[in-house]
Amino acid sequence: MFNLIPPIINSNPFPHFKLDNVLSEEDIKQLDEYTKTEMPLEPAQYITDDEGDFKKEIRSTDISWIDTRRFPDIYQKLGDAVHYANNTLYKYAITYLEPCQYSVYTGDKKGHYVTHCDSALKGQNNDTRKISFSLLLNDPKEFEGGKLMLDVDYKGIDCDLQYNQICFFPSFLPHKVTPVTKGTRRSLVGWVHGPDFV
């Protein structure tokens, strides 16, 4: 017989980690301009057995993809933040960051994304999304609704993102963005990959 020792409970009761001011205001302006002039927004899809769909009751978001080669300084800052969060809380084996998604949720479209997990998608090397993040690109006073909720229990946890604040969470954690009822919410979303959990 081997007596089990009670586990050490992580001091963070919720599996998310926030940092302020990861990007500069100039970085954010560059991303805004890029999605207006070089890589215009398009309606987002979600992954299904048919490789994608546009059902607005599931997801109503306009998105653009941020080229890693076009913004190496921004990706370096994001990478530094990823390593800090991972070394502080998760301690996962990680290898790379996918190109980030610039997401826009508008009140006139009741922009939202229902509860989902990011880890179902495999990477180019058949690896796993391990850490997800969302960085709010505008002041939350500019919109109503649009809460990033982590569904770790029946109530959910409101990440309460502020302008230029990033929230990290495990990619296997169910989460959603509640409907925007007024104004526009802009965010930068990303996924950190690594070898499969064993």
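A contact here means that heavy atoms lie within 4.5 Å. In this predicted model, 82% of the contacts in the protein chain between residues at least 6 apart in sequence join residues at least 24 apart. The chain has two helices and 14 strands, and buried residues make up 47% of its 198 residues. The protein chain exposes about 11,200 Å², of which carbon and sulfur atoms supply 54%.

Five of the strands form an open sheet in the order β3-β7-β13-β10-β11, with antiparallel pairing. Its edge strands, each pairing on one side only, are β3 (59–60) and β11 (157–158). Strand β3 is joined by two bridges to β7 (residues 112–116), the two running antiparallel, and S60 stands opposite H112 in β7.

Seven aromatic pairs are found in a search of the whole structure. One of them is edge-to-face because the planes of the F172 and F197 rings stand at 75 degrees, with the ring centres 6.3 Å apart. This pair links distant parts of the chain, since F172 lies in the loop between β12 (165–170) and β13 (175–177), whereas F197 lies in the segment after β14 (180–194), 25 residues apart. F172 counts as partly exposed at 43% relative accessibility, and F197 also counts as partly exposed, at 42%. Ring pairs link both residues with Y90 and Y92 into a cluster.

Two basic side chains lie over ring faces, as tabulated here.

| Residue over the face | Ring | Distance from the ring centre |
|---|---|---|
| R129 | W191 | 4.0 Å |
| K130 | F197 | 4.6 Å |

F197 thus appears both beneath K130 and in the ring cluster.

Definitions and conventions: Residues are numbered from 1 along each chain as its sequence is written. This is a predicted model: local features need pLDDT of at least 70, side-chain atom pairs count only at pLDDT 80 or more; totals for chains, interfaces and linings use all residues. Side-chain values use heavy atoms; hydrogens and water are left out. Two strands pair if DSSP finds at least two bridges between them. Helices (H or I, at least four residues) and strands (E, at least two) are DSSP runs, numbered from the N terminus. Buried means under 20% relative accessible area, exposed over 50%, partly exposed in between (1.4 Å probe, protein chains only). Accessible areas come from the Shrake-Rupley method with a 1.4 Å probe; for residues, only the protein chains shown count as cover. Rings of Phe, Tyr and Trp (its six-membered ring) pair if their centres lie within 6.5 Å; planes under 30 degrees apart count as stacked, over 60 as edge-to-face and the rest as tilted. A charge sits over a ring if NZ of Lys or CZ of Arg is within 6 Å of the ring centre and within 35 degrees of the ring normal.
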